[in-house]
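Hi,

Here is the structure I said I would pass on. Have a look at it first, and then read on for my notes.

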Amino acid sequence: MIHFAQMARRGTLAMYDYDDEYENMNHYGQPSPPEYSMTTIPDDFPLFFSYGGTDTLSDKSDVRILLDVLKGRDDSNGKFMTQYVNNYAHADYVMADAAKEEVYDLVLTFLKLH
């Protein structure tokens, strides 16, 4: 979760920051972590994103950063789908009584189509 908090604070989608230039150099060959290149994900690769309105571990602004990076993606093929579940927090995706109906039935339908 610390990694996601770092990315949200910086407004980037980057690899883990060891908060130490030496450690970053050891892992990445540069003093700061490289950003992920989301634009290299092919348009025909199916992506399904679901996020909750009450999730404090991955809140709406964090998800918006990712979605903004992918906004140029060609969605005409139906292979990019987002789902916002207003009353879901992080654990609800695993523990909510209605998670199957509210989330996973749609995920399975999406996967079957692709």
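Let me start with a question: which side chain does Arg64 meet in a salt bridge? The partner is Asp68, with 3.9 Å from N to O. Before I go further, please keep in mind that this is a predicted model, so every number below is computed from it.

Charged pairs

Why would two such side chains get together at all? Side chains of opposite charge can pair when their charged atoms come close. In this case both partners sit in helix 3, which covers residues 60–69, and Arg64 and Asp68 are four residues apart, about one turn of the helix. That spacing makes sense, because an α-helix has 3.6 residues a turn, so residues three or four places apart point the same way. Neither partner is buried: Arg64 is partly exposed at 41% relative accessibility, and Asp68 is partly exposed too, at 36%.

The count of salt bridges comes to two. Lys100 and Asp105 form a salt bridge as well, and their closest N and O atoms are 2.9 Å apart. If you look at the accessibility, Lys100 comes out as partly exposed with 48%, and Asp105 is also partly exposed, with 28%. On the 4 Å cut-off for a salt bridge, the 3.9 Å of Arg64 and Asp68 falls within the limit.

The overall layout

Now for the fold as a whole. The chain has five helices and two strands, and going from the N terminus the order is α-α-β-α-β-α-α. There are 114 residues in the chain, and 27% of them count as buried. Among the contacts with a separation of 6 or more, 54% are between residues 24 or more positions apart. The chain exposes about 7,500 Å², with carbon and sulfur atoms supplying 56% of that area.

Both ends of helix 2 (residues 21–28) are worth a click. At the N-terminal end, Asp20 acts as the cap, with a side-chain oxygen 2.9 Å from the backbone nitrogen of Tyr22. After the helix comes Gly29, which has a positive phi, near 75°.

The nonpolar cores

The largest nonpolar core has eleven residues, including Leu13, Met38, Tyr51, Val63 and Phe80. Strand 1 (47–52) and helix 3 each give at least two residues to this core. Helix 3 makes the largest contribution, with four residues. To see how the core is joined up, try Leu70: leaving aside residues up to four places away in sequence, Leu70 touches Met38, Ile41, Leu47, Phe49 and Phe80. Another core lies apart from this one, and it has six residues, among them Val85, Tyr88, Tyr93 and Ala99.

A buried polar residue

Is Gln83 buried or exposed? With 10% relative accessibility, Gln83 counts as buried. Gln83 is placed in strand 2, residues 80–85. What does its side chain reach? The side chain of Gln83 comes to 2.8 Å from the backbone oxygen of Glu102. Not counting residues up to four places away in sequence, Gln83 also touches Phe48, Phe49, Ser50, Tyr51, Val103 and Leu106, as well as Glu102 itself.

Aromatic rings

Searching the whole structure turns up six aromatic pairs. One of them is Tyr16 with Tyr18, an edge-to-face pair with 4.8 Å from centre to centre and 85° between the planes. Tyr16 is partly exposed, at 34%, and Tyr18 is partly exposed as well, at 32%. Tyr88 and Tyr93 make an edge-to-face pair too, with 5.3 Å between centres and 80° between planes. Here both rings belong to buried residues: Tyr88 has a relative accessible area of 3%, and Tyr93 has 13%. You will have met Tyr88 and Tyr93 already, among the residues of the six-residue core. Back with the other pair, Tyr16 and Tyr18 join Tyr28 in one aromatic cluster.

That is what I found. Happy to talk through any of it.

Cheers

Definitions and conventions. Residues numbered from 1 in each chain as written. Predicted model: local features only at pLDDT ≥ 70, side-chain atom pairs only at ≥ 80, totals over all residues. Heavy atoms only, no water. Buried < 20%, exposed > 50% of the residue type's maximum accessible area, 1.4 Å probe, protein only. Polar contact = N/O pair within 3.5 Å; in protein donor to acceptor, adjacent residues only side chain to side chain. Contact = heavy atoms within 4.5 Å. Areas by Shrake-Rupley, 256 points an atom, 1.4 Å probe, with all protein chains shown as cover. Core = buried A, V, L, I, M, F, W, Y, C linked by side-chain atoms within 4.5 Å. Phe/Tyr/Trp six-rings, centres within 6.5 Å; stacked < 30°, edge-to-face > 60°.
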